[in-house]
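Work through these exercises with the structure open. Try each task before reading its solution.

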Amino acid sequence: MIKLAKTAGFCFGVDRAVNLVYELVNKGEKVCTLGPIIHNSQLVDDLKSKGVMIIDNISQCPNGYTVVIRTHGVEKQIIDEADLKNINYINATCPFVLKIHKIVSQQPDDTVTLIAGDANHPEVLGIRSYCKGKSFVFKNQSELENILETNCLKDEKSLICVAQTTFSLKEWKKCEKILKKLYTNCRIYSTICNATADRQHEAADLSSSADAMIVIGGRHSSNTCKLRDVCKSNADTFLIETAQELADIDLSPYKVIGVTAGASTPSVIIKEVLKTMSEEIIEKEVETTSAVTEEVVETADTADKAEKAAVKASADGEATFEEMLEESFREDENSKVVRGTVVNITPTEVFVDVEGRKQTGVIAFDDLSSEPITKPEDAVSIGDTLDLVIMKTDDSEGVLKLSKKLVDQFKGWENIVAAKESDEVLEGTVVSVIKGGVIVVAKGSRVFVPASLTGVPRGQDLDVLKDATVRFKVIDVNMGRRRAVGSIKVVANEERKAQQEALWATLEEGQKITGTVKSLTSYGAFVDIGGMDGMIHISELSWNRIKHPSEVVNVGDAVEVTIKSLDDENKKISLGFKKIEDNPWEILKRDYPVGTDCKAKIVSIAAFGAFANVIPGIDGLIHISQISWERIKTPADVLNVGDEVDVRIIDIDFDKKRVSLSMKERIEKPEEVIEALAEDNAEVEPEAEAEAEAEADTDAE
């Protein structure tokens, strides 16, 4: 029998980081990671095959690349260097690691920090960089005792202890016991990741009931090695990285085999291992401790993008609803829902009498309402009976610290779920802007809206939405964790679509309409004509030849355009901007008939003549025979580009768009030329008379 641990595989921090890199790659962005994104060579090799580079330090980031900071986190000075050098980076550090950074960085400068973990592990190196005072690292009880004996830490006024997120839970308990006994002044923060703790607990339970354990994960992965250590004390344990390594292990002597995996092990590898084991161990049943096996081995690619965005918000330090809820409804004596009556209101607090309690109940202003309020009276009045959550019991002061906001959020959750099911458009207020999106409060609940779904153009500051009332839809809910993700953009798009359909019905080809230039491209200008965009092709912007639309219009210009064509199927609009009265050929026809004398500028020279600009948009040809009354070998002998010359229009072909010019017609004929022409005519006349007589004779016959 094969039993799979339900906690096997990616934790959400690793899943978030890996999916973030794949999303960037799929968008066509150039990506590099500061060290391997996770300790799994197979996944790292796959990313390499997709063009993801691994760099050793932040300064190696090539131009045009985005650096992804891996889940372990990095030293503070590396982040500072990236900011100083304006290197584009995304911090994918696990939220639990960021929490430790925050804890140690907020301590006074003289605080001594004890860190349970591997001194050479990137996570521990990062934690130490945020410590302002002295810090010591220990990996077990023995090392802790040695540190305590050789350093007079009892004299320290401020002493704290934290743990690497993947530290052994069993070893942590031993160390914690020593500190509580010998150093009562030490503040102990239990920072081992919940997923790590759960994984180790389950591994211990599973290995206790199994004859052998298979641990899947990278051999350099800290949490995977901890799992191996937990399991091998109860059963024969084998650590493998891929299914191929099973060929070197004889599992036939074992009846019950447990399988677990580290937090950096992709689910596809777990699935492959299970498949290989089930094929090799004939007639042995494969079962899982998870309720649904497919959910355990499901690939990360199927995770919902909006959900990942919500996780990102949590990682950036914004407390999500489910975290607050879990914090408030912990199953201890202080986390109960109680009922109280408002007896007094101050500008910063509300006092209540709590049923069945002797302590005074106090609701801080920030815990009064999820909705934005300016004063407590906006949310409650004296005499109101409220459902409240006990946040903390302060026996020294004889008060209960309460929250009405959490109860409102809890009750409002059903409304959020109902809105998701009915596709209802909600209205809420943007209460905060975080890295990655905004938080909107509606129906007493907080809804995360990723930056990409706010409707704010990429690169623009999201602060424009702060305190704004917005319309949105709930696009995803996580029932287990009570998390909601919304989209402002989807509502705006639907409203814009309805507006466009109404506008489309009024449009006709040939119709003149006023619009605003929205954007420019190399091939034309896009114009907003009241809810829809039409395009003016570059050839329609000017009668003259131009290189870029910016030569004629700029973004923001109000322009009058003509609808040239409507593509009903694709809802595309082609616009015209050139006016017929500005057509240079119309101007030529009106103001420059044949025989007109004018100035022209030589624009190019060929072997057979020269081209000269008559009016903007029209060039005429001065044939070599029309340049001078004298014979010339080439036009370049007498003309240069840029010369301004006097010409006469001697012919216009409007169909072929051709203009013939003459320079010599503007020059008086020399006497010798007149005489030569007369002689040529004299020689030609007898021949002409003879031909005429011959034709006449022919007609007579």
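**Exercise 1. Is F654 buried, exposed or partly exposed?**

Solution. Start with the cut-offs: buried means under 20% relative accessible area, exposed over 50%, and partly exposed in between, using a 1.4 Å probe and protein chains only. F654 has a relative accessible area of 29%, so F654 is partly exposed.

Before going on, note the ground rules. This is a predicted model, where local features need pLDDT of at least 70 and side-chain atom pairs count only at pLDDT 80 or more, while totals for chains, interfaces and linings use all residues. Residues are numbered from 1 along each chain as its sequence is written, and side-chain values use heavy atoms, with hydrogens and water left out.

**Exercise 2. Describe the ring pair of W585 and F654, then place both residues in the fold.**

Solution. Step one is the rule. Rings of Phe, Tyr and Trp (its six-membered ring) pair if their centres lie within 6.5 Å; planes under 30 degrees apart are stacked, over 60 edge-to-face, and the rest tilted. By this rule there are four aromatic pairs. One of them joins Y523 and F526: the centres are 6.4 Å apart, the planes meet at 85°, and the pair is edge-to-face.

Step two is the pair in the task. The ring centres of W585 and F654 are 6.2 Å apart and the planes stand at 75°, so this pair is edge-to-face.

Step three is location. Helices (H or I, at least four residues) and strands (E, at least two) are DSSP runs numbered from the N terminus. W585 belongs to helix α16 (residues 584–591), and F654 to the loop between β32 (644–653) and β33 (658–662), so the pair ties together parts that are 69 residues apart in sequence.

Step four is exposure. W585 is buried, at 13% relative accessible area.

**Exercise 3. Which charged residue sits over the ring of F654?**

Solution. A charge sits over a ring if NZ of Lys or CZ of Arg is within 6 Å of the ring centre and within 35 degrees of the ring normal. The charged end of K589 sits over the F654 ring, 5.1 Å from its centre. Now look at W629. K664 lies over its face, 4.6 Å from the ring centre.

**Exercise 4. Trace the partners of strand β29 (residues 597–606).**

Solution. Two strands pair if DSSP finds at least two bridges between them. Take β32 to begin with: five bridges join it to β29, and the two run antiparallel. K599 stands opposite D646 in β32. Next take β30 (residues 609–615). Five bridges join β30 to β29, again antiparallel. Here S604 has F611 as its bridge partner. β29 and β30 form a hairpin, with two residues between them.

**Exercise 5. In what order do the strands of the open sheet with edges β3 and β5 run?**

Solution. The order is β3-β2-β4-β5, with parallel pairing. The edge strands β3 (53–55) and β5 (89–91) each pair on one side only. The twist averages 30° from one strand to the next.

Check one junction. β4 (residues 65–69) and β5 pair in the parallel sense over three bridges. V67 has Y89 in β5 as its bridge partner.

Then add the helix. Helix α3 (residues 76–84) lies across β2 (30–34), β4 and β5, at about 145° to β5. Angles run from 0 to 180 degrees between N-to-C directions, with axes fitted to C-alpha atoms, for helices over the stretch in contact; contact means heavy atoms within 4.5 Å.

**Exercise 6. Analyse the open sheet that contains β6 and β8.**

Solution. Four strands follow the order β7-β6-β8-β9, with parallel pairing. β7 (135–138) and β9 (186–188) are the edges, each pairing on one side only. Neighbouring strands are turned by 20° against each other on average, direction ignored. Five bridges join β6 (residues 112–116) to β8 (residues 159–163). V112 is bridged to L159 in β8. Helix α6 (residues 141–150) lies across β6 and β7, at about 150° to β7.

**Exercise 7. Where does I214 lie, and what does I214 contact?**

Solution. I214 lies in strand β10 (residues 212–216). I214 is buried, with a relative accessible area of 0%. Leaving aside neighbours within four places in sequence, its contacts include F238, I240, L246 and M277.
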